[in-house]
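Here is a short report for a first look at this protein. Keep the sequence and the 3D view side by side as you read.

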Amino acid sequence: FFFNDTATTEIYTEQIVGSVRCVQETDHKERNSFEFDVKAYENQVEQDVQDGLIPFWFGASFGTTSTGIIEPIADICAISKKHGVFVTVDAAYAGSALICDEYKHLAEQLKDIDFFVVNYVKWLLAGSNGALLFVKDRFKYVGSFTGEEAEYLKSQHLGDHTPNNYKDWQVGLGHRFNSLRIWYVIRRFGIKGLQESLMYTVNIAKYFGNLLTKDTRFQQLGTQQFGLICFRYYQENADTQALNKLNKTLFERIELTTTHGHIVSSENCGIYFLRFVSCNRNTEEKDVDEFWSHVQNCLNEVLNEKLNE
């Protein structure tokens, strides 16, 4: 049971429910880039096999919740398939980008995955919960939920699972009809409208990134591919813990004193940082300007207070 330390926290819950040994991969090629080290994963799998363990699942991320980074999924699949490891890809946020021509090339590395899920509420203009789910082998997936059925649930038309009976795709027997929600969104905006909305928010994030690079007191972490930018106050040769403490103070100051926007903090590889994500198609550059000005003012206050300590 493997996953990267930048993955969604739901994996921790899955581990507890499954009661299995979990390996959280924390090796990264570069600490500030959060880039996953495939070689470290390969070494771990081979060591587990030698120790008599059975590696069976890898939780990969396509646009991680914390940093928005795409893991080297094709390489992960190549290693996993040698040992029969089932590869799940969490694309809850960034998977929506695949409808855009600018991002379709990213689908190339998904050819060998077993499971792929997108939460269309996060970025695809849907206002209520629901997800798009792809399973490479649906018979294997359905079989894990289907046991000895009650006679009244049996059907001569569904015995071989050739038609989809969605009660077999989940623990409960109910049907929530979430697919109708995304169908209405597509009908309302059209594919072109959804593409334009996504790319607009990406460009707003790029605009924020340009403002960020002009202030040398800040450091951008990772590489922006979608609408998420991770950043922090940074001072060369400064102690990491001291920087983390200062950035946490900065985050709290921003959140307590602004009505111009909302950001969320995170921590990976021992680095505490702030996250700016653009996902509202009504956000304008002037809104970003106001928010960025507030961030800079908050930093000035925090630094002045530190000097006066």
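## Terms and basis

A residue is buried under 20% relative accessible area, exposed over 50%, and partly exposed in between, with a 1.4 Å probe and protein chains only. This is a predicted model: local features need pLDDT of at least 70, side-chain atom pairs count only at pLDDT 80 or more, and totals for chains, interfaces and linings use all residues. Residues are numbered from 1 along each chain as its sequence is written, and side-chain values use heavy atoms, with hydrogens and water left out.

## The whole protein

The protein has 7 helices and 10 strands. Both are DSSP runs, numbered from the N terminus: helices are H or I with at least four residues, strands are E with at least two. Of the 309 residues, 44% are buried.

Contact means heavy atoms within 4.5 Å. Take the contacts between residues at least 6 apart in sequence: 63% of them join residues at least 24 apart. The accessible surface is about 16,900 Å², and carbon and sulfur atoms account for 50% of that. Such areas come from the Shrake-Rupley method with a 1.4 Å probe; for residues, only the protein chains shown count as cover.

## A four-stranded sheet

One open sheet holds 4 strands in the order β7-β8-β10-β9, with antiparallel pairing. Its edge strands are β7 (218–221) and β9 (264–268), and each pairs on one side only. Neighbouring strands are turned by 40 degrees against each other on average, direction ignored. Two strands pair if DSSP finds at least two bridges between them.

Strands β7 and β8 run antiparallel, joined by 4 bridges. Here Q219 stands opposite R232 of β8. The β7–β8 hairpin has 6 residues between its strands, and G222 takes a positive phi near 75 degrees.

At the other edge, β9 pairs with β10 (residues 271–277) in the antiparallel sense over 5 bridges. E267 has Y272 in β10 as its bridge partner.

## Helices on the sheet

Helix α5 (residues 179–214) packs on the sheet and touches β7, β8 (228–233) and β10. Its direction makes about 20 degrees with that of β8. Helix α7 (residues 285–307) also packs on the sheet, touching β7, β8 and β10, and its direction makes about 20 degrees with that of β8. Axes are lines fitted to C-alpha atoms, for helices over the stretch in contact, and angles run from 0 to 180 degrees between N-to-C directions.

## Helix against helix

α5 and α7 pack at about 35 degrees, with axes 10 Å apart. Their crossing is right-handed; that is, the near helix is turned clockwise from the far one by less than a right angle, where anticlockwise would be left-handed. The contact involves I204, Y207, F208, L211 and L212 of α5 with E285, V288, D289, F291 and W292 of α7.

Helix α6 (residues 240–257) packs against α7 at about 130 degrees, with axes 9 Å apart. The two are therefore oblique to each other: angles under 35 degrees count as roughly parallel, over 145 as roughly antiparallel, 65 to 115 as roughly perpendicular, and the rest as oblique. The crossing of α6 and α7 is right-handed. Residues of α6 in this contact include L246, L250 and I254, and those of α7 include F291, V295 and L299.

## The loop at G270

Is G270 buried, exposed or partly exposed? G270 counts as partly exposed because its relative accessibility is 30%. The residue lies in the loop between β9 and β10. The C-alpha atoms of G270 and N244 are 8.5 Å apart, with these positions 26 residues apart along the chain.
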